[in-house]
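Trainee: Got a minute to go through this one with me? I have a few questions about the local geometry.
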Amino acid sequence: MSVYLGIDVGTSGTKTLAVHEDGRVLASATEEYPLYSPRPGWSEQNPEDWWQATIRSVRRVLKDGRIKAGEVSGIGLSGQMHGSVFLDKNDDVIRPALLWNDQRTAAECAEIEERAGGRKALIGMVANPALTGFTAPKILWLRNHEPRNFEKTVQVLLPKDYIRFRLTGEFATEVSDASGTLLLDVAKRRWSKKLLGKLDLDAGLLPEVYESEEVSGRLTESSAELLGLATGVPVVGGGGDQAAGAVGNGIVRRGIISATMGTSGVVFAHSNDVQIDPEGRVHTFCHAVRGKWHVMGVVLSAGGSLQWYRNQLGQMEVAAADPMGVDPYTLLTAQAAEAPAGSEGLFFLPYLTGERTPHADPDARGAWVGLSLRHGRPHMVRSVMEGATFAMRDCLEIIKGMNIPVREIRLSGGGARSEFWRQMQADIYGQKVVTINASEGPAYGVALLAAAGTGAYKDVVEACSATISVVTTTKADAKAKKTYNAAHAIYQQLYGSLKGNFGTIAEFVRKHGS
């Protein structure tokens, strides 16, 4: 029996999955760790926590799945994108890692655009604009604010690639995750010497770049002993969590789109060519499929908006759910179903943590607009779900406008588990949506990459075809679709109407906030 491990270094924990070569999940384990916010807008983690979680989760999977060390034929790595691990000449971590949701680098983003010769020139070099979450601004922040630490830095690694180093002793990354650093020439799938030169950064700070299914190293004797595995097991490139999750959803052919409604929301489209939005509203990255690319829109607080509602305003449903033995979200969606499509003119803007696509505005904030005496709790919870889904449709419309075909939309995340929310997504997107048999996300995707990279399949497309299939289909309701088309047009106007106010509010908070 050949078994493949997928290890996903997430923000809340590391998940390890053991997958048989036929696609069956044999065991799963997740080990959690803390996130630190030493100042408002800062987000950091200790890379050693990721490593210890990797050891524990791998050992649990081997035990729970009754898997022998010799049965593991390959390992794939995924992880939170954009993070920065700074290593010194002794390979020691210099300071806590800066994460994807860290917002301290606005000045460095402006510096990058200026050094590059403007936003348009920057997009021409690396296919994307400078955003606070990306890696390059973090490196410049270290240089600008912690010069002694910058002088010590000899290697910068992404989160999953730090785990690769601990597993194999190799400094390596792969094209999909490297795309999110803002330092990769996405079209040529290699580091951008041109931009590195303009930023006065040494290319030696960055690891070697592989394709996602390529073997990038093998388990050392010491790491194998810690994990309970055999020395020399190959570790493939893997993928950033979004590209890896797309592989896990079978988004490896043109025309198949994924809409993942998790804490954040992601609309992900496979592309055979480099297709760039000149306005930089969506990301164009290398895909985890060899020689292919993807276009991706990101909503920062999609399912996170409903989570916020549950935590802050849904205490009644939370209290009622426990003795009933049901999930509070079940009660919330049942309540939302009591209100009609369009929530009788109540709109919710889901910009609770700013927004990425399409506005790229860290100052944007959430809002209910249209409240009246007519509205009650059903309208409020439904409008939150609708607002998050409207934001996802914004991403989808940009992708369609780039002449990328949308023949099938595959749903995943919490929004795919709810029949009510699946129907809402079909109605708002205006076409049928489907779910698939695989629901394990990035860890499953990189396990398939490991299977393809070590010879179980000729490539990842064959691996996905052999293991992933559609299990549910939800068609759009014609009446609701018409209502939502009209409502979405109003929703799109609201950000423009409030944009100036968001900036004023942000300035007020900076001056008068706690």
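Trainee: Which residue follows α1, and what is the sign of its phi?
Mentor: Keep in mind that this is a predicted model. Arg-66 comes after α1, and its phi is positive, near 50°.

Trainee: And α1 itself, what should its 18 residues span?
Mentor: Helix α1 covers residues 47–64, and at 1.5 Å a residue it should span 26 Å. The C-alpha atoms at its ends are 26 Å apart, so the expected span and the model agree.

Trainee: Which residues in α1 are buried?
Mentor: Among them are Trp-50, Trp-51, Thr-54, Ile-55, Val-58, Val-61 and Leu-62. Pro-47, at the start of the helix range, is buried as well.
Mentor: On spacing, an α-helix has 3.6 residues a turn, so residues three or four places apart point the same way.

Trainee: Switching to aromatics. How many aromatic pairs are there?
Mentor: The count is twelve. Take Tyr-309 and Trp-368: their ring centres are 6.5 Å apart and the planes stand at 80°, so this pair is edge-to-face.

Trainee: Where do Tyr-309 and Trp-368 lie?
Mentor: Tyr-309 is in helix α11 (residues 303–313), while Trp-368 is in strand β21 (residues 367–369). The pair therefore ties together parts that are 59 residues apart in sequence.

Trainee: Is Tyr-309 buried or exposed? And what about Trp-368?
Mentor: Tyr-309 counts as buried, with 1% relative accessibility. Trp-368 has 22% and counts as partly exposed.

Trainee: What about Tyr-495 and Phe-502, how are their rings arranged?
Mentor: Their centres are 6.2 Å apart and the planes are at 35°, so that pair is tilted. Tyr-495 and Phe-502 are both buried.

Trainee: Which residues form the aromatic cluster with Tyr-309?
Mentor: Trp-308, Phe-348 and Trp-368 join Tyr-309 in one cluster.

Trainee: Which rings does the charged end of Arg-104 sit over?
Mentor: One is the ring of Trp-42, with the charged end 3.6 Å from the ring centre. The other is the ring of Trp-141, where the distance to the centre is 4.5 Å.

Trainee: Gly-41 caught my eye too. Where is Gly-41?
Mentor: Gly-41 sits in the loop between β3 (25–32) and β4 (44–45). Its relative accessibility is 38%, so Gly-41 counts as partly exposed.

Trainee: What is Gly-41 in contact with, sequence neighbours within four places aside?
Mentor: Asn-101, Asp-102, Gln-103 and Arg-104. Gly-41 and Asn-101 are 60 residues apart in sequence, with 8.2 Å between their C-alpha atoms.

Trainee: Now Ser-192, buried or exposed?
Mentor: Ser-192 is buried, at 3% relative accessible area. Its place is the loop between β11 (190–191) and α8 (193–198). Apart from neighbours within four places in sequence, Ser-192 is in contact with Val-126, Leu-183, Leu-184 and Asp-185.

Trainee: Last topic, the sheet with seven strands. What is the strand order?
Mentor: The order is β18-β19-β17-β16-β22-β23-β24, in an open sheet with mixed pairing. The edges are β18 (283–286) and β24 (470–474), each with a single partner strand, so one side of each has no neighbour in the sheet. On average, neighbouring strands are turned by 30° against each other, direction ignored.

Trainee: How many bridges join β16 to β22?
Mentor: Six, and the two strands run parallel. Strand β16 spans residues 256–261 and β22 spans residues 408–413. Ile-256, for instance, has Glu-408 in β22 as its bridge partner.

Conventions
Residues are numbered from 1 along each chain as its sequence is written. This is a predicted model: local features need pLDDT of at least 70, side-chain atom pairs count only at pLDDT 80 or more; totals for chains, interfaces and linings use all residues. Side-chain values use heavy atoms; hydrogens and water are left out. Rings of Phe, Tyr and Trp (its six-membered ring) pair if their centres lie within 6.5 Å; planes under 30 degrees apart count as stacked, over 60 as edge-to-face and the rest as tilted. Helices (H or I, at least four residues) and strands (E, at least two) are DSSP runs, numbered from the N terminus. Buried means under 20% relative accessible area, exposed over 50%, partly exposed in between (1.4 Å probe, protein chains only). A charge sits over a ring if NZ of Lys or CZ of Arg is within 6 Å of the ring centre and within 35 degrees of the ring normal. The expected span of a helix is 1.5 Å times one less than its number of residues. Contact means heavy atoms within 4.5 Å. Two strands pair if DSSP finds at least two bridges between them. Axes are lines fitted to C-alpha atoms, for helices over the stretch in contact, and angles run from 0 to 180 degrees between N-to-C directions.
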